[in-house]
Amino acid sequence: MARAMWTGVISFGLVSVPVGLFTATEDHSVRFHQLQRGTADRIRNRRVNERTGKEVSSQDIVKGYELAEGEYVVVEPDELDAVAPGRSRTVEITDFVDLADIEPVYFDRTYYVAPRGQEYGKVYELLRAALAETGRAGIATLVMRGRQYLTALRAEDRLLVLQTLHWADEVRDPAAELPDLPGRRAGRGKERTMAVQLIDAMSGPWEPGRYHDTYQEKVREMVRDKAGGKEIAAAGEPPSATEVVDLMAVLEGSLDEARVRSRGKGRGRSAGRGGERPGKRTGRRRGADRDELRRLSKTELYERASRQDVPGRSRMSRDELVDALVGGGRRPKRTSAA
């Protein structure tokens with residue numbers, strides 16, 4: 001069972017409920033150690049005096065704020081502790097705002113909120129249901145691990161969720177950072193209508209399980225192959241950039257492809273379509289399958305190859321993925337270099 005990383009009380013008005021915060025996400029990135037080439041010797045980082053080149057112990061290290069080049073204000077650890085906020089025990093909601101009014105750029109980390117004991121379940125559910133019904137979020141500050149956070153408490157289907165927010169001065173003004181943004185009039189006309197149709201054709205329900213970190217999968221497969229003594233092939237070249245001459249023609253072509261893909265997603269994956277048995281498809285049927293697969297992006301081809309457990313898929317180019325899928329999951333033969 002998960003362990004709460006923070007415990008305290010959420011209060012709004014005169015109502016309060018004891019809760020615990022639990023991390024909602026975790027990092028599955030592949031971790032590597034640094035080694036000296038040709039050995040299994042680990043590389044360690046050390047704190048070294050830039051001027052003398054000698055190693056410095058952690059007890060002799062202080063913080064310095066640079067006022068000008070080479071001029072610092074030295075701050076001792078106990079001086080920072082003296083001005084640091086004490087550990088907060090309360091998330092006191094000061095305002096309720098429409099959740100839709102909080103721009104996504106302000107959201108940072110997410111925590112699940114749970115009541116600390118069944119006896120507090122009624123008050124907890126009362127707050128969750130009220131937030132869900134009104135579509136609002138409770139705004140509060142929280143001190144955790146020596147840092148103060150601005151937070152938004154919102155409702156999900158069965159639980160409350162607390163999200164830390166960036167402070168206003170941490171969010172950059174896009175008008176100042178991106179001076180070359182086009183005007184609104186640039187997105188009007190027939191092209192806009194076609195773009196809306198394209199978005200509609202490519203739309204569907206949010207299913208997070210459909211999406212995978214394919215890079216991490218490739219890294220893990222590469223490590224397994226290297227550990228097994230297999231040869232590692234380089235990834236295929238990325239597709240060339242499209243030269244857009246007629247925007248309407250490009251949009252129309254994209255819309256046609258999206259509609260074909262949408263129809264294809266509705267078909268079953270059974271192998272007996274048209275009375276054909278697995279492995280007995282005619283050349284015409286294979287040609288039709290190849291044409292359909294070529295309309296898919298490389299990411300979509302990789303997803304199909306993953307479902308069919310095609311070996312070596314992470315190192316295949318787009319054309320090789322098509323060949324493997326048409327061949328029933330068999331890996332295409334690579335031509336040896338002359």
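Helices (H or I, at least four residues) and strands (E, at least two) are taken here as DSSP runs, numbered from the N terminus. With that in hand, Gln-216 falls in helix H5 (residues 214-227), and the chain adds up to nine helices and 10 strands. The model is a predicted one, so local features need pLDDT of at least 70 and side-chain atom pairs count only at pLDDT 80 or more, while totals for chains, interfaces and linings use all residues. Residues are numbered from 1 along each chain as its sequence is written, and side-chain values use heavy atoms, with hydrogens and water left out.

A few whole-chain numbers set the scene. The accessible surface is about 25500 Å², and 49% of that surface belongs to carbon and sulfur atoms; such areas come from the Shrake-Rupley method with a 1.4 Å probe, and for residues only the protein chains shown count as cover. A residue is called buried under 20% relative accessible area, exposed over 50%, and partly exposed in between (1.4 Å probe, protein chains only). On that scale, 23% of the 338 residues count as buried. As for contacts (heavy atoms within 4.5 Å), residues 24 or more positions apart make up 58% of those with a separation of 6 or more.

Now for the strands, where two of them pair if DSSP finds at least two bridges between them. Strand S1 (residues 6-12) is mostly covered, with five of its seven residues buried. S1 runs antiparallel to strand S2 (residues 15-23), and seven bridges join the two. Phe-12 has Val-15 of S2 as its bridge partner. Two residues sit between the strands in this hairpin, and Gly-13 takes a positive phi near 65° there. S1 also pairs with strand S5 (residues 90-92), this time in the parallel sense, over three bridges, and Ile-10 stands opposite Val-91 of S5.

Ser-11 belongs to S1 as well. Why does Ser-11 count as buried? Its relative accessible area is 12%, so Ser-11 is buried. Leaving aside neighbours within four places in sequence, Ser-11 is in contact with Ser-16, Thr-90, Val-91, Glu-92 and Ile-93.

Further along, strand S8 (residues 136-144) and strand S9 (residues 147-155) pair in the antiparallel sense over seven bridges. Met-144 is matched with Arg-147 of S9, and in the hairpin, which has two residues between the strands, Arg-145 takes a positive phi near 55°. S9 then pairs with strand S10 (residues 160-165), again antiparallel, over six bridges. Four residues make up the hairpin that joins S9 to S10, and Thr-151 has Thr-164 of S10 as its bridge partner. Ala-132, in helix H2 (residues 121-134), is partly exposed at 46% relative accessibility. Its C-alpha atom is 9.6 Å from that of Leu-160, although 28 residues separate the two along the chain.

Back in H5, is Gln-216 buried or exposed? Gln-216 has a relative accessible area of 12%, so it counts as buried. Not counting residues up to four places away in sequence, Gln-216 touches His-28, Ser-29 and Val-30. Glu-217, also in H5, is partly exposed, with a relative accessible area of 27%. Glu-217 and Val-30 are 187 residues apart in sequence, yet 9.2 Å apart in space, C-alpha to C-alpha. With neighbours within four places set aside, Glu-217 is in contact with His-212, Tyr-302 and Ser-306. Tyr-302 is one of the buried residues of helix H8 (residues 298-307), along with Glu-300, Leu-301, Glu-303 and Ala-305. Just after H8, Asp-309 takes a positive phi of about 55°.

Gln-216 turns up once more in a pocket. On a 1 Å grid over the protein atoms alone, a pocket is an open set of points where a 1.4 Å probe fits, with protein on both sides within 12 Å along at least five of seven lines, and lining residues have an atom within 4 Å of a point. The second largest pocket is lined by Asp-27, His-28, Ser-29, Trp-206, Pro-208, Asp-213, Gln-216 and Arg-220. About 240 Å³ of space lies in this pocket, a volume being the space filled by probe spheres set on the grid points, which are joined across faces, edges and corners. The lining divides into two nonpolar, three polar and three charged residues, where Ala, Val, Leu, Ile, Met, Phe, Trp, Tyr, Cys and Pro count as nonpolar, Asp, Glu, Lys and Arg as charged, and the others, Gly among them, as polar.
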